[in-house]
Amino acid sequence: MLSKPNFPALELKNFHFQWPGQQAFSLDIPAVSLAVGQHLFIRGASGSGKTTLLNLLCGIHRLTKGEIHIGGHLLQPQSGAKRDAIRARNIGVVFQQLNLISYLSVLDNVLLAGEFAGNKLPDAKARAQSLLTALGMSETLWQKQAQQLSVGQQQRVAIARALLNEPALLIADEPTSALDADNRDAFIRLLLSEADRCGTTVIFVSHDAQLADYFAAVLRMENLAAGVVLSNPLSNPQTNPQTETTGEQAPC
Ligand SMILES: Nc1ncnc2c1ncn2[C@@H]1O[C@H](COP(=O)(O)OP(=O)(O)OP(=O)(O)O)[C@@H](O)[C@H]1O
């Protein structure tokens, strides 16, 4: 695992958001702190604000009041350009639709994350190759176009891309919603084990309550205002994928 600075992966202070001109919906979180490596599952009903919350944590929307810190960096309040730069370097995202560039190769899809971050890592190519190998993507696949991959292979590329910049935080937005139970479980195991290896904190959002069993911490959208991260009594370290390893154990 990489050595990480001594900051929480995520810290929210007096977080308040309201859509302009709308009183009916708001998000309020007095205080939340997630330690490095502590994975969080967020669940909530349709319309409870999951996507809005993720977009705020990524700096896509501007917070109405309060502060968001990612890996010790102040994300909000900041200008849009500063939020973009902080996001590119400190947050990896796995989207619901994975969002790979279909005509680019596997390797170039992963390296895109480095370009968005201004190629902070001088060894980005070697790191991309190492991540792909650890995720079970052999060298024969690296020059294949993303559109020629199976869904499972595309998911691995999406995980490698999200981890390329050694982010403090990886946000996964319902990436398993189109999968059957076996593939869903395999994906989430792989994601968490690879994040553990890299020392990255995962925030996984879903309406699927069954997935909560994989996480030691669960936050329900309905309980945001309480400002607490609940321990998950169902999480079982024997079966918890955070303790599993898959693929080759290359350095992260
Ligand atoms: N661009 C927007 N402008 C104004 N209101 C919005 C906008 N986007 C979402 N909302 C409102 O914010 C609230 C939360 O929506 P959001 O999409 O975050 O919920 P969600 O939990 O992600 O829902 P789902 O699970 O159905 O995707 C809803 O009341 C929605 O109508």
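The following questions and answers examine the sheet, the helix packing, two loop residues and the ligand shell of this predicted model.

Q: In what order do the strands of the open sheet of 4 strands lie?
A: Strands of a sheet pair through backbone hydrogen bonds, either parallel or antiparallel. In this open sheet the pairing is antiparallel. The edge strands, each paired on one side only, are β2 (26–34) and β5 (73–76). From one strand to the next the twist averages 25°. The order of the strands is β2-β1-β4-β5.

Q: Which residue of β4 is the bridge partner of Leu 12?
A: Strand β1 (residues 10–18) pairs with β4 in the antiparallel sense, and 5 bridges link the two. One of the residue pairs across these strands involves Leu 12, whose bridge partner in β4 is Ile 68.

Q: Which residue in the turn of the β4 and β5 hairpin has a positive phi?
A: Strand β4 (residues 65–70) and β5 pair in the antiparallel sense over 3 bridges. Ile 70 has His 73 of β5 as its bridge partner. The two strands form a hairpin with 2 residues between them, and the turn residue with a positive phi, of about 55°, is Gly 71.

Q: What angle does the direction of helix α2 make with that of β5?
A: Helix α2 covers residues 80–90 and packs on the sheet. There α2 touches β4 and β5, and its direction makes with that of β5 an angle of about 125°.

Q: Which two residues are joined by a cis peptide bond?
A: The omega angle of this bond is about 0°. The proline of the pair lies in the loop between β5 and α2. The residues joined are Gln 76 and Pro 77.

Q: Which residue has a positive phi although it is not a glycine?
A: The phi angle concerned is about 60°. The residue is found in the loop between β6 (91–94) and α3. It is Asn 99.

Q: Why is α3 described as oblique to α4?
A: Two packed helices are described by the angle between their axes and the distance between the axes. Helix α3 (residues 106–116) and helix α4 (residues 124–134) have axes 10 Å apart and pack at an angle of about 125°. Angles of 65 to 115 degrees count as roughly perpendicular and those over 145 as roughly antiparallel. The angle of about 125° falls in neither range, and therefore α3 and α4 are oblique.

Q: How many nonpolar residues does the contact of α3 with α4 have?
A: On the α3 side the contact consists of Val 106, Leu 107, Val 110, Leu 111 and Gly 114. These meet Ala 124, Lys 125, Ala 128, Leu 131 and Leu 132 in α4. By class there are 1 charged residue and 1 polar residue, and the number of nonpolar residues is 8.

Q: Is α3 roughly parallel or roughly antiparallel to α5?
A: The axes of α3 and α5 are 7 Å apart, and the helices pack at an angle of about 30°. Angles under 35 degrees count as roughly parallel, so α3 and α5 are roughly parallel.

Q: Which residues of α5 make the contact with α3?
A: The crossing of α3 past α5 is right-handed. From α3 the contact includes Val 106, Asn 109, Val 110, Leu 112 and Ala 113. From α5 it has Val 157, Ala 160 and Arg 161.

Q: Is the crossing of α5 and α6 left-handed or right-handed?
A: The axes of helix α5 (residues 151–163) and helix α6 (residues 181–198) come within 11 Å and cross at roughly 25°. This makes the two helices roughly parallel. Among the contact residues are Gln 155 and Ile 159 in α5, and Phe 187 and Leu 190 in α6. The crossing of α5 and α6 is right-handed.

Q: How many polar residues belong to the shell around the ligand?
A: The residues that surround the ligand include Trp 19, Gln 22, Phe 25 and His 207. Among the others are Ser 46, Gly 47, Ser 48, Gly 49, Lys 50, Thr 51 and Thr 52. The shell has 2 nonpolar residues and 1 charged residue, and its number of polar residues is 9.

Definitions and conventions
Residues are numbered from 1 along each chain as its sequence is written. This is a predicted model: local features need pLDDT of at least 70, side-chain atom pairs count only at pLDDT 80 or more; totals for chains, interfaces and linings use all residues. Axes are lines fitted to C-alpha atoms, for helices over the stretch in contact, and angles run from 0 to 180 degrees between N-to-C directions. A crossing is left-handed if the near helix is turned anticlockwise from the far one by less than a right angle, and right-handed if clockwise. Two residues are in contact if their C-beta atoms, placed from the backbone, lie within 7 Å. A residue is near a molecule or strand if its C-beta atom, placed from the backbone, lies within 6 Å of it. Ala, Val, Leu, Ile, Met, Phe, Trp, Tyr, Cys and Pro count as nonpolar, Asp, Glu, Lys and Arg as charged, and the others, Gly among them, as polar. Two strands pair if DSSP finds at least two bridges between them.
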